[in-house]
Amino acid sequence: MKIRIRRYHAMRKPSTVVQEWEIPDGLTLLEALAWIKEKKDPTLTFRSGCRSSVCGSCSVRVNGKERLACGYKPKEGDLVEPIRFAPILKDLMVDQKAAFDTLKRAKTWLESFRSDAVVTPKEEKRTELQSDCILCHSCYSACPVYESDAQFLGPFALTRDWRYIADPREGEPMGKIEAIQAKGVWDCTLCGECTAVCPQGIDPKSDILMLRTKSVQSGYNDPNMEQFGSFGLDF
Ligand code: SF4
Ligand code: SF4
Ligand code: FES
């Protein structure tokens, strides 16, 4: 079977090339990449960790769709590329720092721990799925808003924020709610691309809708609607 890999090297001319490789049948894509590296070209660069769809480090795009390489079985003619909207370091490995920084900006942790809070099974269930995020960056790679605005907090920071805002042990959720107003919940177009690509079945679009509701309940408004409101007053 043949697959194609888009490779990048900053010092090479041209810096980007698509190479075709004959690989043995029956391998996962990650196994195929490792096979190419071991048998054909030791310079092929990619990221991996757990090899069992748990660590999120091996995300790539296959035929334009985000996939975990360790959980994907290649098909004839597949085109493998790095995930999008992050600087490519080499071949399939990207610099994920900017996306990780959004976690800090969105304050995705318990800021004030309420030790007296009781978490019921129902409440635990509410954020169980979001806790399964493996930070694979697939949702960032698929997000059209992140494509046009690198300052957008993006799906995984927002879904993580919802996980902590909805946690009864968070004593002061307002800092997080404030942090997601600019370049956050109101900038999302609710296109659902992030939800479609998540390998963990997380639904960032729904979480963003929950965050919008929580924002309004906390006294914030959709700035886009405020704009419409002022138009209305002019008439
Ligand atoms: S729903 Fe929002 S966060 Fe998700 S991909 Fe679309 S614009 Fe991005
Ligand atoms: S929300 Fe899903 S797609 Fe996004 S980083 Fe987490 S696991 Fe990956
Ligand atoms: S190597 Fe960990 S998710 Fe693929």
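## The shell around ligand 2

In this predicted model, helix α6 gives the most to the shell around ligand 2, with 3 residues. Helix α6 spans 155-165. Helix α4, residues 138-142, also supplies at least two residues of this shell.

The shell holds 17 residues. C133, C136, C139, F156 and C198 come nearest to the ligand. By class, the shell divides into 12 nonpolar and 5 polar residues, with no charged ones.

One of the nearest residues, C139, has a set of contacts beyond its sequence neighbours. Leaving aside residues within four places in sequence, C139 is in contact with P155, F156, C194, V197, C198 and P204. Two of these partners, F156 and C198, are also among the residues that come nearest to ligand 2.

## The shell around ligand 1

Ligand 1 has 15 residues around it. C143, C188, C191, E193 and C194 come nearest. C194 is also a contact partner of C139.

Three helices each supply at least two residues of this shell: α5 (144-148), α8 (193-197) and α9 (204-217). The largest share is that of α9, with 3 residues. The shell divides into 11 nonpolar, 2 polar and 2 charged residues.

## The largest nonpolar core

The largest nonpolar core has 47 residues. L29, A69, C139, L158 and I180 touch the most other members. C139 thus appears here as well as among the residues nearest to ligand 2.

The elements that give two or more residues to this core are β1, α1 (29-39), α4, α6, α8 and α9. Helix α6 gives the most, with 6 residues. Helix α6 also gives the most to the shell around ligand 2. The core draws at least three residues from each of domain 1 and domain 2.

## Two domains and their contact

The protein chain is divided into domain 1 (2-94) and domain 2 (97-225). Their centres, taken over C-alpha atoms, are separated by 29 Å. In the contact between them, 14 residues of domain 1 meet 14 residues of domain 2.

On the domain 1 side, the elements that give two or more residues are β3 (59-62) and β4 (65-68). The largest share, 3 residues, comes from β4. This side divides into 6 nonpolar, 4 polar and 4 charged residues.

## Strand β1 and its partners

Strand β1 covers residues 2-8. It is joined to β2 by 7 bridges, and the two run antiparallel. Strand β1 is also joined to β5 by 2 bridges, and here the strands run parallel.

What stands opposite I5 in each partner strand? In β2, the bridge partner of I5 is Q19. In β5, I5 stands opposite V80. A further pairing with β2 sets I3 opposite W21.

Is strand β2 buried or in the open? None of its 7 residues, 16-22, is buried, so β2 lies largely in the open. Strand β1, by contrast, is one of the elements that give two or more residues to the largest nonpolar core.

## The loop at G77

G77 sits in the loop between β4 and β5 (79-81). Why does G77 count as exposed? It has 11 other C-beta atoms within 10 Å, and the cut-off for exposed is 12 or fewer.

G77 and K2 are 75 residues apart along the chain. Their C-alpha atoms are nevertheless separated by 5.6 Å. K2 falls within the span of β1, residues 2-8. The loop that holds G77 leads to β5, the strand that runs parallel to β1.

## The chain as a whole

The protein chain has 10 helices and 7 strands. Its C-alpha atoms fill a box of roughly 65 × 50 × 30 Å, taken along the principal axes. Of its 235 residues, 36% count as buried.

Contacts that span long stretches of sequence are frequent by this count: among contacts between residues at least 6 apart in sequence, 65% join residues at least 24 apart.

Definitions and conventions:
Residues numbered from 1 in each chain as written. Chains lettered and ligands numbered in written order. Predicted model: local features only at pLDDT ≥ 70, side-chain atom pairs only at ≥ 80, totals over all residues. Near = placed C-beta within 6 Å. Helix = DSSP H or I, 4+ residues; strand = E, 2+ residues; numbered from the N terminus. Nonpolar A, V, L, I, M, F, W, Y, C, P; charged D, E, K, R; others polar. Domains from an automatic or database assignment. Contact = placed C-beta atoms within 7 Å. Buried ≥ 20, exposed ≤ 12 C-beta atoms within 10 Å, placed from the backbone. Pairing = 2+ DSSP bridges. Core = buried A, V, L, I, M, F, W, Y, C linked by C-beta atoms within 7 Å.
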